[in-house]
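The following account proceeds from the fold of a single chain to the pairing of chains and then to the DNA strands. Please keep the sequence and the structure in view while reading.

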Protein chains: 2
Amino acid sequence: MSPTTNAESLRADSARVRARMLAAARDRMAAGGLDLSMNAVAKAAGVGVGTVYRHFPTRQALLESLAAQSLETLVATAVAAAREPDVGTGLAALLRAGLRIQLSDPALAEVLAAVNAVCAETLDLSRDLAAAIATLLDRARTEGAIRPDLTADDLRRLLCGLQHAVRIGATDDDADRYLDILLAGLRP
Amino acid sequence: MSPTTNAESLRADSARVRARMLAAARDRMAAGGLDLSMNAVAKAAGVGVGTVYRHFPTRQALLESLAAQSLETLVATAVAAAREPDVGTGLAALLRAGLRIQLSDPALAEVLAAVNAVCAETLDLSRDLAAAIATLLDRARTEGAIRPDLTADDLRRLLCGLQHAVRIGATDDDADRYLDILLAGLRP
DNA sequence: TCCTTAGCGGATTAATTATCCGTTTCTGCG
DNA sequence: CGCAGAAACGGATAATTAATCCGCTAAGGA
């Protein structure tokens, strides 16, 4: 079994413990940022360190599992945005959601920025996200709403950059303005 | 003496060793990213670990000392940009230089993004940079070249964001396009 | 109920970070 | 020039953190 596999077909106790660990990790992360120690997670979840390492062989694997849920939400948002009748509205909604969700889940910000994923599920979701963004961008391009040279990867990177800019001590109002600036810059 | 003080009024050997350590740290960083271990720096510089810790009590202090030189360059560029006859040209030059220098020196990227500096010199340079940017933005604003609500801090953050976007696997061409997008977005 | 085996837990080992103090090296002064 | 005092070096060592390994527990099918 892949250590980062999703909850299906796990032994009952294993699934329980896995959930406890993810909850504990989320909690730790909310408290102290990205640099959670495996030991701390284990203690918070009331399990042994070995158990944490078995489920998540590496820190990156743990982060990806944490980010998976947020990533699903983001993919859903992107798909919805791609279907939005008004392309401009859809694009704005996607950027806004992408920013907000990254800010609320540092693990997702990390995973979105990472060049290559560790676990297969993340890879799939990333592909889905890229596809949805590409669809939206295609529509926007044919309508002349954006620069023609903009790719889905560009948008992903710019979104990560935007997140970084906001994380560096910006207020919510600042974030809105930066979003506005990016949207304006994307036009042809 | 402040451990991060600049080379003046140090004992001759001390200055020598300090320079060796900074060079070693730069080298290590070029090789393996931001997460250089003090031990590795010490070994590379041919000094004891204690010496490294005496000069740079914390990793952040070492990073700031590394970044200081790049930061000086950036300040000089910003001052020159603020004097540029054509405001648009000056702004473009500043952003381009700010991006390039951050990419070439990860320590600077870290320091620029940091909310509060550890050593006084960095603080001074940061202030100078902010002042130069503010001057440039004031001029641009009165000429109507940029959105009126843009502050020097905004520009700093956006520049850090841009750096992040590029670092995430973008090519040089991508970087130019992102720069273009940001510049376009800054207009009123 | 029993047997097999996946999975748990934490003691143990490895790696890293940070401190402390005996020794060396510099520099001002006689 | 050579000595005294101070400043700085260096690495052994303590403290913290990461990662592994294996004996034991308990889940779930026969």
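In chain A of this predicted model, residues 24 or more positions apart account for 66% of the contacts with a separation of 6 or more. The chain that makes these contacts is helical: chain A has 9 helices and 0 strands, so that its elements, read from the N terminus on, run α-α-α-α-α-α-α-α-α. Along its principal axes, the C-alpha trace of chain A spans about 55 × 35 × 25 Å. Of the 188 residues in chain A, 40% count as buried.

Chain B offers an example of a covered helix. Helix H6 of chain B, residues 106-113, is mostly covered, with 6 of its 8 residues buried. The buried residues are B:Ala107, B:Leu108, B:Ala109, B:Val111, B:Leu112 and B:Ala113. The cover over these residues of H6(B) includes H1, helix H4 (59-83), helix H5 (87-104), helix H7 (120-142) and helix H8 (152-167) of chain B.

Which residues have the most contacts inside the largest nonpolar core? They are A:Tyr178 and B:Tyr178, in a core of 111 residues. When residues up to four places away in sequence are not counted, A:Tyr178 touches A:Leu162, A:Ala165, A:Val166 and A:Ala170, and also B:Leu158 of the partner chain.

The contact between the two chains takes 22 residues from chain B and 22 residues from chain A. On the side of chain B that touches chain A, H8 and helix H9 (172-186) each supply at least two residues. By class, this side of chain B divides into 13 nonpolar, 4 polar and 5 charged residues.

How are the two copies related in space? In general, two copies of a chain are related by a rotation about an axis and a shift along it. Here, a turn of 180° and a shift of 0.0 Å along the axis lay chain B on chain A with an RMSD of 0.1 Å. That is the relation of a two-fold axis. The same surface serves both copies, and 100% of the contact residues of chain B recur in chain A.

The DNA strands may now be considered in turn. Around DNA strand D there are 22 residues, of which A:Ser37, A:Gly50, B:Val47, B:Gly48 and B:Gly50 come nearest. Two or more residues of the surface near this strand are given by each of helix H1 (12-32), helix H2 (38-45) and helix H3 (49-55) of chain A, and by each of helix H1 (12-32) and helix H3 (49-55) of chain B. The largest share of the surface near DNA strand D comes from H3(B), with 4 residues. This surface has 9 nonpolar, 7 polar and 6 charged residues.

Around DNA strand C there are likewise 22 residues, and A:Val47, A:Gly48, A:Gly50, B:Ser37 and B:Gly50 come nearest. At least two residues of the surface near DNA strand C are supplied by each of H1 and H3 of chain A and by each of H1, helix H2 (38-45) and H3 of chain B. H3(A) gives the most to this surface, with 4 residues. The residues near DNA strand C divide into 9 nonpolar, 7 polar and 6 charged.

Note on methods. Residues are numbered from 1 along each chain as its sequence is written. Chains are lettered from A and ligands numbered from 1 in the order in which they are written. This is a predicted model: local features need pLDDT of at least 70, side-chain atom pairs count only at pLDDT 80 or more; totals for chains, interfaces and linings use all residues. A residue is near a molecule or strand if its C-beta atom, placed from the backbone, lies within 6 Å of it. Ala, Val, Leu, Ile, Met, Phe, Trp, Tyr, Cys and Pro count as nonpolar, Asp, Glu, Lys and Arg as charged, and the others, Gly among them, as polar. A nonpolar core is a set of buried Ala, Val, Leu, Ile, Met, Phe, Trp, Tyr and Cys residues joined through C-beta atoms within 7 Å. A residue is buried if 20 or more other C-beta atoms lie within 10 Å of its own, exposed if 12 or fewer, and partly exposed in between; C-beta atoms are placed from the backbone. Two residues are in contact if their C-beta atoms, placed from the backbone, lie within 7 Å. Copies are superposed by least squares on the C-alpha atoms of residues with pLDDT of at least 70 in both.
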